[in-house]
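Please look over the structure shown here before reading the notes beneath it. They are written for someone meeting this protein for the first time.

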Amino acid sequence: MSLRATVPDRLGLRFALADAWHDLVVGGRCIGCDRPGRLLCPDCRSGLPDRARPTPPSPAPPGIVPVFAAGPYEGTLKQLVIGLKERQLLGLRGPLAGLLALSVLEALASVTQTAAGPMVLVPVPSRPSSVRERGLDSTTAITSRAAAMLRQHGLDVRHHRLLRTRPGVADQAGLDSRQRQANLDGSITCPASGIRTLARTVPRATFVVCDDVITTGATAREAQRALESVGLGVRAIATVAATQRRSRVQM
C-alpha cells in the first residue's frame, strides 16, 4: 500500500489563489524554499518522500527493535520538524503525520507475519516543561493524526499515550550517545492507569513506538524498555526522520 504524505494537487489555479491569499493576508512562506504563500509549496510538497526505509542508528543501542524513517533529518524534513516543534506552525501537522504514517506502514509490513490484533502507536513522551514552554506536544499531535490517516485507509491502527517521563530528565541537546543513555536510563515509565485502559479497549495488539526524529536511538530504546517492562511487546520504532552519522575525513 502506498500512502502519500499529502493529497495530490488537483487544481493548479486553486492552489495558486491560495498561495496569493496567504501571502497577502497571512504573510506566510514555504518552510522548505521560503517561497511566499502556504507553509509547504506544491514543489516542496511533491518532493517529500513517498515511502519509508529501515534506518537503524549507528551504533545501535543493544536490543533496539527495527527502526524506520521517511528520510534523513535535513532539508525540508528538518524544517518541517523544527517548524512545528519550535515555531508551533500547526499547519505542518498534516504533512508530518503523513510522513510518520509511511514509517508505520513499513513497520506494519515488517511484522505482518507475527502481528496479532490492531497496531497501537505509542508516542515518545515529551518533558512536561517542554510542552508547557512550547504549548504543544508535537510528537503526540502527529502520532494521533498518523493513526487517523491509516484508519481512513482501512487499517486497524490506534493511538495511545501510555508513557510518561520521570522528573529530572535533562535536555538531550549536545549530549553524545553515551551521555544520552545515562540521562535517559529509567526516565520513562508506563503508568498502570494507561495499561488498564488499554486492556479494556485493546486486549491484543502490536505496539510501535513513534517519534519525530531518531538520533542515537537512546530515547526510543528507553520508550521500548518502559513498554516491555510491563509486558507490552514492541515490534518497531517509526519516525519522520533520522539523523545521518557523519564520518570523519581522513587526513
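The notes below go from the whole chain to its sheet, and then to one helix and the strands beside it.

This is a predicted model, and the protein in it has nine helices and eight strands. Six of the strands form an open sheet with mixed pairing, and three consecutive elements, β7, α9 and β8, make a right-handed β-α-β unit.

**The protein as a whole**

- Of the 251 residues of the protein, 45% count as buried, while the accessible surface comes to about 13,100 Å², with 51% of that area belonging to carbon and sulfur atoms.
- When contacts between residues at least 6 apart in sequence are considered, 72% of them join residues that are at least 24 apart.

**The sheet and its order**

- Read across the open sheet, the six strands come in the order β1-β2-β8-β7-β3-β4.
- The edges of this sheet are formed by β1 (53-54) and β4 (157-159), each of which pairs on one side only.

**Strand β8 and its two partners**

- Strand β8, which spans residues 234-242, is mostly covered, since eight of its nine residues are buried.
- On one side, β8 pairs in the parallel sense with strand β2 (residues 67-72) over five bridges, and within this pairing Gly71 has Ala241 of β8 as its bridge partner.
- Strand β7 (residues 206-214) also runs parallel to β8, to which it is joined by seven bridges; here Val213 has Ala241 as its bridge partner, and Ile214 is matched in the same way with Ala242.
- Ala241 is therefore a bridge partner of both Gly71 and Val213, as the pairings listed above show.

**Helices packed on the sheet**

- Helix α6 (residues 138-152) lies across β3 (119-123), β4, β7 and β8, and runs at about 155° to β4.
- Helix α9 also packs on the sheet, where it touches β3, β7 and β8, and its direction makes about 160° with that of β7.

**Helix α9 in its surroundings**

- Helix α9 covers residues 218-228, and because eight of its 11 residues are buried, the helix is largely enclosed by the rest of the structure.
- The buried residues of α9 include Ala218, Ala220, Ala223 and Ala226, together with Leu227.
- Arg221, Glu222 and Gln224 of α9 are likewise buried.

Key: Residues are numbered from 1 along each chain as its sequence is written. This is a predicted model: local features need pLDDT of at least 70, side-chain atom pairs count only at pLDDT 80 or more; totals for chains, interfaces and linings use all residues. Side-chain values use heavy atoms; hydrogens and water are left out. Buried means under 20% relative accessible area, exposed over 50%, partly exposed in between (1.4 Å probe, protein chains only). Helices (H or I, at least four residues) and strands (E, at least two) are DSSP runs, numbered from the N terminus. Two strands pair if DSSP finds at least two bridges between them. A crossover is right-handed if, with the strands pointing away from the viewer, the path from the first strand over the helix to the second runs clockwise. Contact means heavy atoms within 4.5 Å. Accessible areas come from the Shrake-Rupley method with a 1.4 Å probe; for residues, only the protein chains shown count as cover. Axes are lines fitted to C-alpha atoms, for helices over the stretch in contact, and angles run from 0 to 180 degrees between N-to-C directions.
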